[in-house]
Amino acid sequence: MQANDIKKVILGDRITLEEFIAVARFGAIVEFSDGYRQRVEGSRQLVEKWIKEGKVMYGVNTGFGALSTELISLEKTAELQRNILLSHATSVGEPLAEEEVRATILMVLQNLGQGYSGVRLEILEMYRQFLNLGLTPFAPREGSVGYLCTEAHMALVLIGEGMAYVNGELLPAKEALLRVGMEPIVLAAKEGLALISGTTSPTGIGALALYDMLKAAKIADIIGAMTLEVLKGTTRAFDDRLMSVRPHEDQRNTAYNIRKMLSDSMIAKESVDYRLQDALSLRAIPQLHGAAKKTLQDALETIEMEMNACSDNPILWPDEEDAGAISGCNCDSSYVGIELDSACIASTAIAKMSERRNNRLINGQLSGYPSFLIHKAGLNSGLMIPQYTQAGLLNDMKILSHPATVDSIPTCADQEDYVAMGYNAAKKAREVASKLEYVLAIELLSIYCAHQFMESNLLPGSASRAVLTQIARSVPKMEEDIYLYPHLQTLKEIIHSGEIIDLVEDTIGKLL
């Protein structure tokens, strides 16, 4: 089931990326299973038991980070948890998008709901209601190295501090809570630390980016096939026999998608021998798209693993023989960060091929069509400048493809002398995903305009026709220069929403 079709997600067992996006982006209702509630309540009982026994536990009755050797009295534990939120809410700049905050809160629920964190169920119920009632904490997006800062801004709202949005209006936290019928809560031992620890923001924000990248990669197959078709490229380069001797699954699947897209195309049938060999941006679609999709699938496996794991520190181990708080570093964001750095590279590779295909479409010496796909070139510039936009976007994407995770700036008086930087990898992955959608939208506009010059006796395939018909409902034929920006936005939304996938698969069946 697709994310926008899922109306309710029950936390307790493993969730998928589609279920995650259903909550973060599309507002699906969140419920807790009985098992979820039992795990959380059982873990909380351990904390209270160990506190009474006088056990020393990091972040429960000690300070944090370099201050972990400072013991905190039982009377001061509530103040300690409040202080950690106030002192750690230091990210700055523009706020995270609503869906990014929702994704992070959902990850907090997943992280702490594994039953190894010792928070009270009441805390998680409040966060659950934030999601269900549409209360979105204000959290600036700049200045995190992997966790803590943005999460602290979000958690402040639980105790009536900070700010939050309700129906798009930014309010002081207490007023926001009142608007949705809630009241601030007083944190108990370990809860402040647990709410801000873990890989919750890199995983949540990264999941949104990866979801869009995976969609865009599939759409790149569709758009690539449509460009091959309108440029009268040969489908021989996508022969399954050729793919079988280099048996990368994603390469073979991509070639299958191209063949399926063009299986009933009169243009493709007539053009099979039009050229002996096409340029690499056309004939290497299976190889490059396949390699990129392999990288994105690897990232998906890691992200789904992370969103169903406990990344808290410390974790509370209930085993009777060796029970206690185990302090380690499951909160390290390297798994997520490295995969998202790789996903940025993969997405940029797809974009660089899209830009080259688009160049062939608008270059009259390569396409066989009028220059820049417009009548009276010179008086009209046609589609000359959207390729400039692609070039600018692609330059940004190349910059953003520099890995965040190779960097490390020590923090916390060298107690944290290595830092993963997974948050920055996730943050830039969001930008890369959006820019890829724009790059593909520009290629799609050129395809649409190129068909105006195709011989009337040559029909495109049914999948191409479905897409072109949909575009024609909002984008006019270009007889002369027009204001292009709104049409680029329209095409970008067709890509971002996944509508183009639905159009194609409703016509010819599922693509791989």
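This passage walks through the cores, two helix pairs, some buried helix residues and the unusual backbone spots of a predicted model.

Residues are numbered from 1 along each chain as its sequence is written, and side-chain values use heavy atoms, with hydrogens and water left out. Because the model is predicted, local features need pLDDT of at least 70 and side-chain atom pairs count only at pLDDT 80 or more, while totals for chains, interfaces and linings use all residues.

Start with the inside. The largest nonpolar core (a set of buried Ala, Val, Leu, Ile, Met, Phe, Trp, Tyr and Cys residues joined through side-chain atoms within 4.5 Å) has 158 residues, and F20, Y127 and F130 have the most contacts inside it. Buried here means under 20% relative accessible area, with exposed over 50% and partly exposed in between (1.4 Å probe, protein chains only). Helix α9, residues 200-230, supplies the largest share of this core, at 18 residues. Helices (H or I, at least four residues) and strands (E, at least two) are DSSP runs, numbered from the N terminus. A second core, separate from that one, has 6 residues, including L46, I51, A189 and L316. Back in the largest core, F130 is in contact (heavy atoms within 4.5 Å) with R102, I105, L135, P137, V157, L158, L177 and M182, leaving aside its neighbours within four places in sequence.

Next come the helix pairs. Helix α1 (residues 17-24) and helix α4 (residues 98-112) have axes that come within 8 Å and cross at roughly 125°. That makes the pair oblique; angles under 35 degrees count as roughly parallel, over 145 as roughly antiparallel, 65 to 115 as roughly perpendicular and the rest as oblique. The axes are lines fitted to C-alpha atoms, for helices over the stretch in contact, and angles run from 0 to 180 degrees between N-to-C directions. On the α1 side, F20, V23 and A24 meet E99, R102, A103, L106 and M107 of α4. Sorted by type, the residues of this contact are 6 nonpolar, no polar and 2 charged; Ala, Val, Leu, Ile, Met, Phe, Trp, Tyr, Cys and Pro count as nonpolar, Asp, Glu, Lys and Arg as charged, and the others, Gly among them, as polar.

The axes of α9 and helix α18 (residues 422-450) also come within 8 Å, crossing at roughly 20°, so α9 and α18 are roughly parallel to each other. Their contact brings together 20 nonpolar, 5 polar and 5 charged residues.

A220 is part of helix α9 and counts as buried, at 0% relative accessibility. Apart from neighbours within four places in sequence, A220 is in contact with H289, I350, R357 and L440. N257, in helix α11 (residues 249-262), is likewise buried at 0% relative accessibility. With the same neighbours left aside, N257 is in contact with D221, K293, L511 and L512.

Finally, the backbone. Most residues other than glycine have a negative phi, and most peptide bonds are trans. N313 and P314 are joined by a cis peptide bond, with omega about 0°, and P314 sits in the loop between α14 (285-307) and β8 (315-317). L373, not a glycine, has a positive phi of about 55°; it lies in the loop between α16 (364-367) and α17 (384-400) and is buried, with a relative accessible area of 0%. M421, also not a glycine, has a positive phi of about 65°. M421 is in the loop between α17 and α18 and is buried, at a relative accessible area of 7%.
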